[in-house]
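Work through the exercises below with the sequence and the model open. Each task is followed by a solution in steps.

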Amino acid sequence: MINTIRRDLALWVQCFCTALVALGAAYASYRHGRDFALRFGSDHTTAAIWPLIVDGLLIIATVELWKGHTHQTGRWAAWLAFTLGISLSLCANIAAAPNLSVFAIAVAACPPLALLLAVELLNRALKRHRATRSTAAGPGNANTPQPGHRDPTTLVPSTAEERMWLHYRKEHEHGRTPTGAELDRVAGTHNYGRRLLRKWRTTGRLTDLETARAVKAS
């Protein structure tokens, strides 16, 4: 219980700090982006809108990354949009440097780079948090439904991981061990099955399944 509270508190602190970094980066990027657009041919109205387009793209991509979608196509598109937004913001910030000295460039490039690292760190923290919650809510006895709970095999899987786990359990009951490639074919993903197998081994989910099968067999 205490560990859970600590993890939740740490995640909230990380979310708050990431929001501060995002606000600071947005302020600096807006000023530099407006000046950048004016410098390279935009009128005043377009120059005022241009930083909003870049920051809007960054916000959309960030939210998409935080959703934790399992389909690789969606994640690649989100990372592409995020990288494009960061690159444009980085160009605008560096162009706004008063001179091309190392320290001037470091100060100008700091906001978008700090935002990039903050989002990536928070994205990893959210993945760990979801994995921890999934493990805690996962079946301790895979083949023994608890009173008051529905059998997981009767539920309609809504995510790629759920579809893979349902397929893995069914095949395991027939004495087969699906590969990562087979799990990818079932869920329509790419190179996600192997990562899930490693995750299930690390969290002990496969061990629990083996133990439940051994108990059932005896």
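**Exercise 1. The positive patch**

Task: Locate R201 in the secondary structure, then find which helix gives the most to the positive patch.

Solution:
- Step 1. R201 sits in helix α7. The model is a predicted one.
- Step 2. On the surface, R201 joins K127, R194, R195 and R198 in a patch of positive charge.
- Step 3. Helix α7 spans residues 193-203 and is the top contributor to the patch, with four residues.

**Exercise 2. The overall fold**

Task: Describe the secondary structure of the protein chain, and state how much of the chain is buried.

Solution:
- Step 1. Count the elements: eight helices and zero strands.
- Step 2. Read them in sequence order: α-α-α-α-α-α-α-α.
- Step 3. Turn to burial. The chain has 218 residues, and 32% of them count as buried.
- Step 4. Take the contacts with a separation of 6 or more. Residues 24 or more positions apart make up 62% of these.
- Step 5. Add the surface. The accessible area is about 13,800 Å², with 65% of it on carbon and sulfur atoms.

**Exercise 3. A nonpolar patch**

Task: Is F16 buried or exposed? Name the patch to which F16 belongs.

Solution:
- Step 1. Place F16: this residue lies in helix α1, residues 2-39.
- Step 2. Apply the cut-off. Exposed means over 50% relative accessible area. F16 has 56%, so F16 counts as exposed.
- Step 3. Find its partners. F16, L20 and L23 make a nonpolar surface patch, together offering about 350 Å² of accessible area.

**Exercise 4. Two residues to classify**

Task: Classify H172 and L197 by burial, and list their contacts beyond four places in sequence.

Solution:
- Step 1. H172 belongs to helix α5, residues 160-173. Buried means under 20%. The relative accessible area of H172 is 3%, so H172 is buried.
- Step 2. Beyond its sequence neighbours, H172 touches L209, E210 and R213.
- Step 3. L197 belongs to helix α7. Its relative accessible area is 7%, so L197 is buried.
- Step 4. With neighbours up to four places away set aside, L197 contacts Y168, P178, T179, G180, L183 and L206.
- Step 5. Check one of these contacts. G180 is 17 residues from L197 in sequence, yet their C-alpha atoms are 6.8 Å apart.

**Exercise 5. Salt bridges**

Task: How many salt bridges does the structure hold? Examine three of them, and say which residues are linked in a network.

Solution:
- Step 1. The total is five salt bridges.
- Step 2. K199 pairs with E161, with 3.1 Å between the closest N and O atoms. This pair ties together distant parts of the chain: K199 is in helix α7 and E161 in helix α5, 38 residues apart.
- Step 3. Compare the two ends. K199 is partly exposed at 23% relative accessibility, whereas E161 is buried at 13%.
- Step 4. R176 bridges to E182, also with closest N and O atoms 3.1 Å apart. R176 is partly exposed at 37%; E182 is buried at 12%.
- Step 5. D35 and R34 meet at 4.0 Å, N to O. D35 is partly exposed at 39%, and R34 is partly exposed at 32%.
- Step 6. Close with the network. Salt bridges link E161, K199 and R205.

How values were computed:
Residues numbered from 1 in each chain as written. Predicted model: local features only at pLDDT ≥ 70, side-chain atom pairs only at ≥ 80, totals over all residues. Heavy atoms only, no water. Patch = residues over 30% accessible without salt bridge, like charges linked within 9 Å, V, L, I, M, F, W, Y side chains within 5 Å. Areas by Shrake-Rupley, 256 points an atom, 1.4 Å probe, with all protein chains shown as cover. Salt bridge = Lys/Arg side-chain N within 4 Å of Asp/Glu carboxyl O. Lys, Arg positive; Asp, Glu negative; His and termini not counted. Charge placed at Lys NZ, Arg CZ, Asp CG, Glu CD. Helix = DSSP H or I, 4+ residues; strand = E, 2+ residues; numbered from the N terminus. Buried < 20%, exposed > 50% of the residue type's maximum accessible area, 1.4 Å probe, protein only. Contact = heavy atoms within 4.5 Å.
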